[in-house]
Every structure is written in structure tokens, then in C-alpha cells.
Amino acid sequence: MELQQTQTQALSQRQLYSVELLRLGTQELDAYVRELAQENPLMEVEEAPPVASTGRSELLDRLSWLEDNDRQNWFYQQFSDEELDPLARIGTGGGLEETLVSFLTRQLDRLKLDREPRRLVEYLIHCLDDDGYLRTPLEELSGDIPLDRLEEALAILRTLEPAGVGATNLSQCLVLQLERIGEDGPVRAIAEHHLDALARRHCRAIASALGITLDQVERARLMIRELDPRPGAVFQSGGDIHYVQPDLIVEEKEGVLTVHSARGERPLFQVSRYYRELLRKSEDKEVQDYLTEKLHQAENVLWAAEQRESTLMRCARVIVARQENFFREGPGALAPLGLAEVAAELELHESTVSRAVREKYLQCARGLYPLSYFFSRRAGAGSKDGPSGRAARALLQRLIGEEDKNAPLSDQQLTLRMAQEGCAVSRRTVAKYREELGVPGASGRKNR
């Protein structure tokens, strides 16, 4: 008999929860935890009265019911071929009311994957952005996971519906969709290598490079236009009303800006002492196995929630420090700030910062703002020291609001006024910002 030593890397369930919880807002997080608590008796979302003394047979019936309920949930989550068509959901106010993550995860049940490959695919599913793209390089996501295992998981993810999910860029997204319909000719070559040229209508250059006719290039263009550049977008809610609650609160105390969680010290949930004690005392193996699994789930969610809170607070403190003038002076003082700058300061990956600020809101004396508001590019393409684009828009809006409506300022005059206030941008940029603000030109603003 020959002994062989092998090493396998299991993806921690904590990583899956960490990625998922980081991208959730406060309300989403509460709903997520309450949903988990429905089938996990160890997660007590609210203080419950002491559990009355229960006979052993009644307790086992309760645990058996919970386990059967897990199976029933899985059964009722199976879906029909019609449900696999995301187009069937259009115009139905959300249709299945399903997220991209849940839609992809449910498809894994049909693939009958082993435990570890499935976890790897689920991990990558939770790393997708809202459009269905995997923007973060696999090398950044792998950590201690062998890269080849993660590549295999990505290949599985890309076989799921809707076609194009898991792509790293637009070109790859289109190629994946063309592969799904068996297109392997000039259309694929154009999507893979000449997409920029096609967007600029350099059809002759494309035809010359591929040795095809202009008619073939035009047919390829029409086919590519029929593809979906954002395969995950169909799962985004379009018309629902959302009541926003702040995740963070910024206050000024004795001249110092402080950030704290809007949740305060309130815990997400408590781990049931009763079931902990039952796990310790029970001699029934099925009860032990069931409660051990649920205890691990509860502990992993708590750990992931703590990581979410820590990452969110770290990002928020950097944002507040970089945008201190905004909180003291207003939108006109908003400084240019990029995700990469915050990521570099915190030694995090840019995608982690992106997930941390996604759909998170900050309450301050000036109102309620999404964290994404505080990220803005510098106004003026060639400027290295100018204000942010949002600050430039705020200044432009103020100047227009203060002008004499009998003799409104032209774009050139606005450009000069902005330069005098330290915001040097081109006249073209002023016109662009004015249009984005929905403000007409000087003639349209003049009193008649």
C-alpha cells in the first residue's frame, strides 16, 4: 500500500458571508439576518422570553421540523425553464423579485457539484458587480486558494444564465454571448479584437484587418448591437420606492468631526444560550450535527458582520478626513477623491472599497448623502490641482442662481467667473456641466 499526502484548500464559509454582507446596506443587512434566523434557531434577532421546559420528544420534533423545512425551502426554490429567461421578467415590476446572486446560486443545484467547487463558484458569484462583471482579478481574489481551482470555478460560472456573466470586460462579455449561440466567425473576431474601432465606425480598417467586406462588418455591427452589455442589469429594481436610512452619522464635537455607526451598539442578533447548552448536553448525534452546523453559521455571520462594520468605518473615516472642507463649508468645497486613493491608504483592494461604499448612506448636518457622492473626479481633464467635478458643478449652479436674469451670463463669462473663484475649467466643460444640471443657455434663462 502506497501512502500519498495531498493538500486541499477549502474556501472558508466566512469569506462568502464577508463578501455578501460588505455590499449590503443597513436595511438590507437587517432583512438578510432576519431571513437566516427563520431557519436557524441559534440566531435570536430580538430578545425572546425564556424557553419553557420542553420534553425530549417535543424538542426532537422541533429540530426535525427545522431540518425538513430546510429541505422544503430547497425544493420550492427549483425553477422552470421559463424562469431561466430574464426577458420574461421585463415589465412585470420585478417579476420573480430575484437578485442576480440568488438566480445564479439556484442554478448550481442542477449542476450537482461537489461541496468545494460549489463554494468556489458561490464565492465568485458574490464578487460580481451589479452588471454581472467580475472586475477584480482572480489573483486578488485567490488569497490562499490555488489559482487553477478558482479558474475552474470561473469557467463553471460562465456557463450559467444569463450569458455573459463572469466576464472581466465588455469585449469578453460579448464574446461569451456569441460563443453561447455558436458564433465563431468575423463577428466574434470583431467583438474580441476590434470593438473600439467598431465604436468609432472605422469599418474599412476592420474589413482590411480581417480580410472581409464592408457588408460583413455592418452585419457584425448589427449583431453585436443585439447583445446585452450588462447581463446582470435585468435583476436591478427599476421602479420600487426605497426609504433610505443612514448607515453612518458624522457629527462635530468641539471642532472635531467624528464618525459613528447609525446602528450604535445594537447587535445584529444573539446566539441562543438555550441551544448552546442543549448542544453541550445532548447525546443525540443528529441533534448535535444539526445544532453544530447552525452554530457555525451563526458564528460566521457574526464574524462577517464585524468585518463589514470595521471596513465600512475605516473607509468612512478616510472619506471624512479627505472631505473635511465639505462638512464645514458645503458642496462647493468637495475635493477630488478616487476609490484607488482610499484603497491605497487603507491597504485594501479597490473592489473592497467599492463594495464597502455601495448603497451606504451618511447623515451629517448638511443632509443625507450616499458615500459614493464623496468620490468625484477632478474638474478639467488637464488639471492636477483643480477642484472636483461636483464642486465645480456646485459653483456653476451658484453663479447661475446669482446672475441678473435680465442679462444672464454666457458660458464664456461663466468660465471667467469660475476661474476668478479658483475653479479653472474650459468653456466646453462649463457647457457640459450646465447641460448635466439641466440649465438652458443664456438665451433660455433670460427674462422675456
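1. How buried or exposed is aspartate 148, judged by its relative accessibility? In this predicted model, aspartate 148 has a relative accessibility of 45% and therefore counts as partly exposed, and the residue has its place in helix H7, a helix that spans residues 147-157.

2. Aspartate 148 also belongs to a surface feature that a new reader may wish to locate early, since Glu139, Glu140, Asp148, Glu151 and Glu152 gather there in a patch of negative charge. Helices H6 and H7 each supply at least two residues of this negative patch, and H7 gives the most to the patch, with 3 residues.

3. Turning to paired charges, the structure holds 26 salt bridges. Side chains of opposite charge can pair when their charged atoms come close. One of these pairs joins the side chains of aspartate 109 and arginine 118, with 2.9 Å from N to O. The partners can be set side by side by their cover: aspartate 109 is buried, with a relative accessible area of 12%, whereas arginine 118, at 22% relative accessibility, counts as partly exposed.

4. Another salt bridge is formed by the side chains of aspartate 131 and arginine 230, where the N to O distance is 2.8 Å. Aspartate 131 lies in the loop between helix H5 (115-126) and helix H6 (138-142), while arginine 230 lies in the loop between helix H12 (214-225) and strand S2 (248-253), so the pair ties together parts that are 99 residues apart in sequence. In this pair aspartate 131 counts as buried, at 18% relative accessibility, and arginine 230 counts as partly exposed, at 39%.

5. A salt bridge within a single helix is found in H9 (residues 186-193), where arginine 188 pairs with glutamate 192, the closest N and O atoms being 3.5 Å apart. Because arginine 188 and glutamate 192 are 4 residues apart in this helix, about one helical turn separates them. Glutamate 192 is partly exposed, with a relative accessible area of 37%. Elsewhere, salt bridges that share partners join Arg23, Asp130, Arg358 and Glu359 into one network.

6. Two further acidic residues in loops deserve a look. Glutamate 226 is found in the loop between H12 and S2 and is exposed, with a relative accessible area of 70%; from its C-alpha to that of leucine 174 the distance in space is 10.0 Å, although the two residues are 52 residues apart in sequence. Aspartate 129, for its part, is found in the loop between H5 and H6 and counts as partly exposed at 23% relative accessibility, and its C-alpha atom is separated by 9.4 Å from that of glycine 166, which is 37 residues apart from aspartate 129 along the chain.

7. Finally, how many disulfides does the model contain? The count comes to 0 disulfides, where a disulfide would require a pair of cysteine sulfur atoms within 2.5 Å. As for the cover of individual cysteines, cysteine 127 is buried, with a relative accessible area of 5%, and cysteine 173, at 0% relative accessibility, also counts as buried.

Key. Residues numbered from 1 in each chain as written. Predicted model: local features only at pLDDT ≥ 70, side-chain atom pairs only at ≥ 80, totals over all residues. Heavy atoms only, no water. Buried < 20%, exposed > 50% of the residue type's maximum accessible area, 1.4 Å probe, protein only. Salt bridge = Lys/Arg side-chain N within 4 Å of Asp/Glu carboxyl O. Patch = residues over 30% accessible without salt bridge, like charges linked within 9 Å, V, L, I, M, F, W, Y side chains within 5 Å. Areas by Shrake-Rupley, 256 points an atom, 1.4 Å probe, with all protein chains shown as cover. Lys, Arg positive; Asp, Glu negative; His and termini not counted. Charge placed at Lys NZ, Arg CZ, Asp CG, Glu CD.
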